[in-house]
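Please work through the exercises below with the sequence and the structure side by side. Each one sets a task and then solves it step by step.

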Amino acid sequence: MHDFLIPKDKSKEEKYRNIVSQIESLVENESNIISILSNISAAIHQTFKWLWVGFYIVKGDELILGPFQGPVACFRIKKGEGVCGKTWLLRKTIIVPDVEKFPGHIACSSQSRSEIVLPIFKNKKTYGVLDIDSEELNTFDSIDQQYLEVLVGIIERKLIDNS
Ligand code: SME
């Protein structure tokens, strides 16, 4: 295990490419999914310093708080509720440029201003979501979506390998 290295003064794309390659080698020999999700949330948080980076995992008819980095968050979210529950319902990534304009947004932290949530699938069913909150408006765009979907792909391969 070596230090997770964060390139300085690089573009967003370069930072993402760095996370993807380091995460790929970091998780190569690990099969415990909670440990993998923990280190992925840490790597994203350490790189971009966003307010909250973490996972909610489907259990029954709710999403339950999983590994994360950032302020204390809500334990449970119902299907269809908030950005996370809506991502579960719609099975697609949601980018929210201004959380105050998203009907039903769940404010775990009053500091959160914009958000991106991506679904994670296991055998075509939603396993959980990756949720990222920023303290600034309009933080996330299609570049974030593209690279975060690559990271979600790494997780989905691990979920299949371990099933
Ligand atoms: N804002 C999310 C809730 C989770 S927290 O942001 C960590 C939502 O509306 O689903």
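## Exercise 1: The ligand and its surroundings

Of the 13 residues around the ligand, those that come nearest are Val 83, Cys 84, Ile 106, Glu 115 and Asp 133. The model in which they are seen is a predicted one.

**Task.** Find which atoms of Val 83, Glu 115 and Asp 133 lie at the stated distances from atoms of the ligand, and state how much of the ligand the protein buries.

**Solution.** Begin with Val 83, where a backbone N or O atom lies 2.9 Å from an oxygen atom of the ligand. Turn next to Glu 115, whose side chain has an N or O atom 3.1 Å from a nitrogen atom of the ligand. Then take Asp 133, where an N or O atom in the side chain is 3.1 Å from an oxygen atom of the ligand. As a last step, consider the surface: the ligand taken alone exposes 310 Å², and the protein buries 98% of that.

## Exercise 2: The order of the strands

**Task.** Write down the order of the strands in the open sheet of 6 strands, and explain why strand 3 and strand 4 each have one side without a neighbour in the sheet.

**Solution.** The order is 3-2-1-6-5-4, and the pairing is antiparallel. Strand 3 (76–78) and strand 4 (94–96) stand at the edges, each with a single partner strand, and therefore one side of each is left without a neighbour in the sheet. From one strand to the next the twist averages 25 degrees.

## Exercise 3: From strand 1 to strand 3

**Task.** Follow the chain through strand 1, strand 2 and strand 3, and give the bridges and the turns along the way.

**Solution.** First, strand 1 (residues 52–59) and strand 2 (residues 62–69) run antiparallel and are joined by 6 bridges. Within this pair, Tyr 56 has Leu 65 as its bridge partner in strand 2, while Gly 54 stands opposite Phe 68. The two strands form a hairpin with 2 residues between them, and Gly 60 in the turn has a positive phi of about 65 degrees.

Second, strand 2 runs antiparallel to strand 3, with 3 bridges joining them, and here the bridge partner of Leu 63 in strand 3 is Ile 77. This hairpin has 6 residues between its strands, and Gly 70 in the turn takes a positive phi of about 130 degrees. Finally, strand 2 is mostly covered, since 6 of its 8 residues are buried.

## Exercise 4: Strand 6 and its partners

**Task.** Describe how strand 6 pairs with strand 1 and with strand 5, and then decide whether Thr 126 and Leu 130 are buried or exposed.

**Solution.** On one side, strand 1 and strand 6 pair in the antiparallel sense over 6 bridges, and Ile 57 stands opposite Gly 128 in strand 6. Strand 5 and strand 6 also run antiparallel, joined by 9 bridges, with Leu 118 opposite Leu 130. The hairpin of strand 5 and strand 6 has 2 residues between them, and Asn 123 in the turn has a positive phi of about 50 degrees.

For the second part, a residue counts as buried under 20% relative accessible area. Thr 126 is buried because its relative accessible area is 12%, and Leu 130 is buried because its value is 1%. Leaving aside neighbours within four places in sequence, Thr 126 is in contact with Val 58, Trp 88, Arg 91, Ile 120 and Phe 121. With the same neighbours left aside, the contacts of Leu 130 include Ile 44, Phe 55, Leu 118, Leu 148 and Val 152. As for the strand as a whole, strand 6 is mostly covered, with 9 of its 10 residues buried.

## Exercise 5: Helix 3

**Task.** List the buried residues of helix 3 and say which strands they pack against.

**Solution.** The buried residues of helix 3 are Gly 82, Val 83, Cys 84, Gly 85, Thr 87 and Trp 88. These buried residues pack against strand 1, strand 2, strand 3, strand 4, strand 5 and strand 6. To finish, look just after helix 3, where Arg 91 takes a positive phi of about 60 degrees.

Note on methods: Residues numbered from 1 in each chain as written. Predicted model: local features only at pLDDT ≥ 70, side-chain atom pairs only at ≥ 80, totals over all residues. Heavy atoms only, no water. Pairing = 2+ DSSP bridges. Helix = DSSP H or I, 4+ residues; strand = E, 2+ residues; numbered from the N terminus. Axes fitted to C-alpha atoms, helices over the stretch in contact; angles between N-to-C directions. Buried < 20%, exposed > 50% of the residue type's maximum accessible area, 1.4 Å probe, protein only. Contact = heavy atoms within 4.5 Å. Near = heavy atom within 4 Å. Polar contact = N/O pair within 3.5 Å; in protein donor to acceptor, adjacent residues only side chain to side chain. Areas by Shrake-Rupley, 256 points an atom, 1.4 Å probe, with all protein chains shown as cover.
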